[in-house]
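Got your viewer open? Load the model, put it in cartoon view and follow along, one selection at a time.

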Number of protein chains: 2
Amino acid sequence: VSIIAYVNGRYLPHRLASVHVEDRGYQFADGVYEVCEIRQSGLVDEPRHLERLERSLAAVRIAMPMSRQALSVVMREVVRRNRIQHGLVYLQVTRGTARRDHAFPAAGVKPNLVVTARALNPEALAAKAKAGIAILTVGLLSNVLARQAALEAGAAEAWFVDATGYVTEGASTNAWIILPGGRVVTRQVGQDILAGITRDVLITLLGEQNLQLEERPFSVAEAQAALEAFNTSATGTVMPVVAIDGLPIGLGKPGPIATALRAAYHSKAHWHAL
Amino acid sequence: VSIIAYVNGRYLPHRLASVHVEDRGYQFADGVYEVCEIRQSGLVDEPRHLERLERSLAAVRIAMPMSRQALSVVMREVVRRNRIQHGLVYLQVTRGTARRDHAFPAAGVKPNLVVTARALNPEALAAKAKAGIAILTVGLLSNVLARQAALEAGAAEAWFVDATGYVTEGASTNAWIILPGGRVVTRQVGQDILAGITRDVLITLLGEQNLQLEERPFSVAEAQAALEAFNTSATGTVMPVVAIDGLPIGLGKPGPIATALRAAYHSKAHWHAL
């Protein structure tokens, strides 16, 4: 748990870190968040995350709460004050605090910015990647319920399946499969698919590994018959998938290509240890 | 603006009413809210709203923060302390405050409950109903962006249109049209349609008014060719629609049936003045 949180200009002890009940994030989920990996106290691909934050905010017409440079200072300060070596830093920007109304508040309402961080155990993550994770596929559910359904079925992540039987993405990850001939398949970014930063970085890595990208939908059956499967996210980087809806993928253990991609991942991410 | 808000057991001055940054409503929209009309200081259809709240919470597996009876006491106390005669009371229940993770927090985390209220001007609402409102139809957008797009186009509400061209519902209302022969059409409740309390009450009123309910999807073109159209919500009860995407409905003013339904509405709602 983070000890110090940044809330609108102040670094606060965790228990005092609060937002107003009329914050539009609380009322309407009217905000944007960004998660960035912390590795050896450095921020992984921070410029990409801040660029995406700026794009996401522009898309929903929320002003940047401060410049990217200033955000970078705040993120680093939250990491420093919490003494985190490995973990995640979260930025949440909402449209601000305003009387409850679905339309935008009057001009002059300032966005709210919250930055928190938490430590992750890198050995535990590495052990998880070594074992690989199981996936449960689900239809229409919220991300929260989907992830919970997966956990209760003994799986670590849920993959969403659209009305025509194709996988869209994971509850908090992008979904990938590997087919014979070094073909690596993930659904093209669109209205149903998060434009993951880890996804982007991985794409730049495929050529170097002599792999071919295919951006297209794939079905659950195609995934279950694939050589390998994996997820990408800032939290787990490249996480091998060893089962989908109870059927083993490949030999039912992390495949060699996903394992190699995981190992190579940080060579491509822009990052340096502090 | 409400002056006193109830937050987890305390009645607080509005400026002090806050929730923790790790409230799951703030982080993940992982909660449920309910809006109830206040009329002459009485709560309109309060039992139905509390039943729906309990059903909604059960569906997402959040515990009731207290009994319905106790919730009723809190709602009335918020109305009383804010001295509201006409307005709205909002209940928001989230899964509680817990470390950021998409899966459910460990057992023992208690839901957070926030109750706020605000006054509405009944004369202004009546004047709006008398003039009727304009609608803008929109495709895939968040409720917040849809409503804002409508306002900027000079319309008062947005109606969502699905991929096949049929209206689903309004950004914060249910959508209805009236066809020749006293046929009143609204889309059946389902995954895309809020089971509105005002919608339910209105259905019970149709028979008395010698009108026939048709629960089915209708297209934007069918709505534009309808005799009348209207929205329902706790905020606006029955609100006549006079234009859809710039085309007048009927004579471009509130129709006689929608106006009669609006007038009759509170005869069916369960409510008494305080």
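Buried, on this tour, means under 20% relative accessible area. Keep that cut-off in mind, and remember that you are looking at a predicted model.

**Stop 1: a covered strand in chain B**

Select residues 228–233 of chain B, which is strand E15. How many of its six residues are buried? Six of the six are, so by the under-20% cut-off the strand is mostly covered. Now show side chains and look at the two faces of E15(B). On one side you have Glu228(B), Phe230(B) and Thr232(B), and on the other Ala229(B), Asn231(B) and Ser233(B); both sets are buried.

Next, add the partners. Select 174–179 of chain B: this is strand E11, joined to E15(B) by five bridges and running antiparallel. To find your place in that pairing, look for Ala175(B), which stands opposite Asn231(B). Then select 237–244 of chain B, strand E16, which is also antiparallel to E15(B) and joined to it by five bridges. Here Ser233(B) stands opposite Thr237(B). Follow the chain from E15(B) into E16(B) and you go round a hairpin of three residues.

**Stop 2: the six-stranded sheet of chain B**

Stay in chain B and colour the open sheet whose six strands come in the order E2-E1-E7-E6-E4-E5, with antiparallel pairing. Which strands are at its edges? They are E2 (10–13) and E5 (42–43), each pairing on one side only.

Zoom in on E4 (residues 31–39) and E6 (residues 87–94) of chain B, an antiparallel pair with eight bridges. Label Tyr33(B) and, opposite this residue in E6(B), Gln92(B). You'll want both labels at the next stop. Before you go, select 46–59 of chain B: this is helix H2, which lies across E4, E5 and E6 and runs at about 175° to E4(B).

**Stop 3: a glutamine that reaches the other chain**

Keep Tyr33(B) and Gln92(B) on screen and select Gln27(A), a residue of helix H1 (24–28) in chain A. Buried or exposed? Gln27(A) has a relative accessible area of 7%, so it is buried. Apart from neighbours within four places in sequence, the contacts of Gln27(A) are Val21(A), Glu22(A) and Arg100(A) in its own chain, plus Tyr33(B) and Gln92(B). For the Val21(A) contact, show the backbone oxygen of Val21(A): there is a polar atom of the Gln27(A) side chain 2.6 Å away.

**Stop 4: helix H2 of chain A**

Select 46–59 of chain A, helix H2. You can try a length check: at 1.5 Å a residue, 14 residues should span 20 Å, and the end C-alpha atoms are indeed 20 Å apart.

Show the buried residues of H2(A): Glu46(A), His49(A), Leu50(A), Arg52(A), Leu53(A) and Leu57(A). Now look straight down the axis: these residues fall within an arc of 160°, so they line one face of the helix. What covers them includes strands E4 (31–39), E5 (42–43) and E6 (87–94), together with helices H3 (68–81) and H6 (197–206), of chain A. Turn to the face away from that buried side and you'll find the exposed residues Arg55(A) and Ala59(A). Just past the end of H2(A), click on Arg61(A), which takes a positive phi of about 60°.

**Stop 5: the sheet of chain A**

Now colour the open sheet of chain A: six strands, in the order E2-E1-E7-E6-E4-E5, with antiparallel pairing. E2 (10–13) and E5 are at the edges with a single partner strand each, so one side of each has no neighbour in the sheet. For a short pairing, select E1 (4–7) and E7 (112–119) of chain A, which are antiparallel over two bridges. Val7(A) has Val114(A) as its bridge partner in E7(A).

**Stop 6: one strand, two senses of pairing**

Finish with E12 (183–186) of chain A, joined by four bridges to E11 (174–179), with the two running antiparallel. Ile178(A) has Val184(A) as its bridge partner. The hairpin between E11(A) and E12(A) has three residues, and Gly181(A) takes a positive phi near 85° there. Then add E13 (212–215) of chain A, which pairs with E12(A) in the parallel sense over four bridges. Your last pair to label is Thr186(A) and, opposite in E13(A), Glu215(A).

How values were computed. Residues numbered from 1 in each chain as written. Chains lettered and ligands numbered in written order. Predicted model: local features only at pLDDT ≥ 70, side-chain atom pairs only at ≥ 80, totals over all residues. Heavy atoms only, no water. Pairing = 2+ DSSP bridges. Contact = heavy atoms within 4.5 Å. Axes fitted to C-alpha atoms, helices over the stretch in contact; angles between N-to-C directions. Buried < 20%, exposed > 50% of the residue type's maximum accessible area, 1.4 Å probe, protein only. Polar contact = N/O pair within 3.5 Å; in protein donor to acceptor, adjacent residues only side chain to side chain. Expected span 1.5 Å × (residues − 1). Arc of directions from axis to C-beta.
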